[in-house]
Amino acid sequence: MAMSLASLVAVPSLKLRQSGLAETTWNQDISWVAVTELEDPQRFLSGGELVLTTGLRLKSAADQRRFVRQVQRAGAVGIGFGIGLTHEAVPEALIAEANRWGLPLVQVPYEIPFIAIGKLVAESHSADHYSNLERLLAGHQILARSLLTGGGLNELLKQLGSMLRTDVVLTQFSAQLYNSVAGKPAPTADGWASYPIPTGRRDACTLWLRQPFVDSGIVSYAQNLISVELNNMVKQRQSQRAMAGQVLDDVIHGTLETIEAARRLAGVGINSTRKNVVLVAESAAHHKQLVSISLPQALEAGVSAVVGKDLVTVISDDGSSATALAKGLSDHLQEAGIHAVIGIGGAYTKPNGLRWSYFEARDAVAHGLPVNEPERLSLTSLLLASEDVPLADMASESLTPLRKFDAAHGAELVATLESYLNHNGSVAAVAEALTLHRNTVRYRLAQITELTGYDPSQTPDRVQLWLALAVQRLGSRNPR
């Protein structure tokens with residue numbers, strides 16, 4: 001335990017005696033012992049020292065008073081004055097000045113060498129150092145054991161909070177991975193200390209500790225352990241999402257019987273007897289980061305999967321919370337620097353309902369907004385969700401001749417067809433939108449009829465071509 005003036009005076013063998021009345025720093029830990037015979041030792045002091053002197057050069061009262069002021073300004077905890085060599089007693093002027101400035105003063109008898117006092121203080125510091133080191137090593141073992149025994153990140157942070165006797169929060173962008181405070185309020189810069197947790201990825205976290213607390217060095221070790229565990233969690237997340245993605249892929253494409261589909265969905269945590277909503281997050285620029293990113297806390301109860309290059313989240317919900325959850329996911333991704341488009345599917349039961357919800361969400365993604373509501377009873381979603389209708393093949397058969405002609409001749413038949421359908425068959429609107437002559441538009445429509453066998457001006461053929469474009473648009477984002 002570190003020594004103070006009070007504890008030094010209490011050591012019988014030192015025979016120290018208090019002089020004067022000041023006790024301002026009487027119980028303050030002594031950082032070191034400085035022996036000096038200089039008239040002005042201030043520049044050699046850094047604060048917290050016990051200054052020992054025999055007053056060899058302090059002949060006059062003015063010198064003695066000046067010496068006290070210099071020691072006090074340096075931040076020393078007190079003066080130990082050795083008697084019996086230059087002075088038979090502690091000078092009255094020195095005592096008076098020490099009382100005036102509130103600086104404790106002790107008398108050191110002639111037979112007690114200054115080195116004995118210095119050695120005792122040094123040994124106390126050494127004992128403190130080893131004691132702190134032992135506590136730190138014990139803390140290291142406790143934190144490491146919390147991970148190795150399967151307690152995971154929550155147990156590690158719980159142990160850290162117990163050691164520091166304070167509240168602990170771990171945040172990841174807008175998500176809270178751990179919060180020891182009731183109600184889980186978000187930490188703020190006021191009253192909390194923040195420590196970055198590097199992971200080498202976009203999902204860097206911040207460790208928050210409520211002040212005050214005493215850090216003996218355990219926080220830096222905890223930072224390293226948290227970083228390692230977060231990297232392990234990323235790998236586990238990727239593995240779990242890949243496995244869930246395989247199941248969803250089979251369900252989406254109708255390769256499983258209903259009973260088998262329900263069994264396999266249950267195996268990855270999806271109860272198909274309840275209403276489920278599918279959220280599809282698509283990011284062309286950041287799809288690699290998207291598939292491994294953490295989710296907001298509100299979506300933790302759901303099942304996330306990687307289907308193609310998209311992040312798919314299945315949540316048990318009747319549809320009432322879907323929009324808020326999708327908005328929360330969008331905000332979370334934006335804070336992580338991931339620009340994504342999120343589509344929301346409807347709430348349905350059974351594996352086929354899950355497929356329908358997925359295709360609705362994929363159809364909604366095409367709207368291009370950060371968060372996109374589903375179109376209820378979408379015809380394309382309904383047909384795509386039915387494994388009995390080979391709509392993808394029909395779409396390819398209708399549009400392939402146009403795409404080949406465009407590639408070979410630099411034409412824009414597909415773009416013209418899309419514009420024609422989007423403008424409800426108005427040649428004038430298409431000409432204005434594409435900056436073409438109306439006769440050019442009519443000529444291209446005639447080419448489309450000749451190449452596909454479908455006349456866009458006829459309602460049945462127009463519906464066929466519209467479905468073909470819709471299916472191919474969805475299929476271009478589909479995993480297969």
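Two strands count as paired if DSSP finds at least two bridges between them. With that in mind, good morning, and let me turn to the structure above, which is a predicted model.

I begin with strand β4, residues 78-82, and strand β5, residues 105-108. These two pair in the parallel sense, over 4 bridges. To give one position, glycine 80 has valine 106 of β5 as its bridge partner.

Both strands belong to an open sheet of 5 strands, whose order is β1-β5-β4-β3-β2 and whose pairing is mixed. The edges are held by β1 (17-19) and β2 (32-35); each has a single partner strand, so one side of each is left without a neighbour in the sheet. From one strand to the next, the twist averages 30 degrees.

I turn now to another strand, β10, which covers residues 276-282. How many of its residues are buried? The count is 6 of 7, and the strand is thus described as mostly covered. β10 runs antiparallel to strand β12, residues 310-316, and 6 bridges join them. It is also joined by 6 bridges to strand β13, residues 341-348, again in the antiparallel sense. Valine 277 illustrates both pairings: its bridge partner in β12 is isoleucine 315, and in β13 it stands opposite alanine 347.

Next, helix α5, residues 152-164. Does its length fit expectation, and what should its 13 residues span? At 1.5 Å a residue, the span should be 18 Å; the end C-alpha atoms are 19 Å apart, which agrees. The buried residues of this helix are Gly152, Leu153, Leu156, Leu157, Leu160, Gly161 and Leu164. In that connection, a general point is useful: an α-helix has 3.6 residues a turn, so residues three or four places apart point the same way. After α5 comes arginine 165, whose phi is positive, near 55 degrees.

Helix α5 also leads us to the largest pocket. The space in this pocket is about 600 Å³. Its lining consists of 20 residues, and the closest to its centre are Met233, Arg237, Gln240, Arg241 and Glu300. Which elements each supply at least two residues of the lining? They are α5, α6 (218-252) and β11 (303-307). Of the contributions to the lining, that of α6 is the most, with 7 residues. Sorted by class, the lining has 9 nonpolar, 8 polar and 3 charged residues.

That concludes my presentation. Thank you for your attention.

Definitions and conventions:
Residues are numbered from 1 along each chain as its sequence is written. This is a predicted model: local features need pLDDT of at least 70, side-chain atom pairs count only at pLDDT 80 or more; totals for chains, interfaces and linings use all residues. Side-chain values use heavy atoms; hydrogens and water are left out. The expected span of a helix is 1.5 Å times one less than its number of residues. Buried means under 20% relative accessible area, exposed over 50%, partly exposed in between (1.4 Å probe, protein chains only). Axes are lines fitted to C-alpha atoms, for helices over the stretch in contact, and angles run from 0 to 180 degrees between N-to-C directions. On a 1 Å grid over the protein atoms alone, a cavity is a set of points where a 1.4 Å probe fits but cannot get out, and a pocket is an open set with protein on both sides within 12 Å along at least five of seven lines; lining residues have an atom within 4 Å of a point. Grid points are joined across faces, edges and corners, and a volume is the space filled by probe spheres set on the points. Ala, Val, Leu, Ile, Met, Phe, Trp, Tyr, Cys and Pro count as nonpolar, Asp, Glu, Lys and Arg as charged, and the others, Gly among them, as polar.
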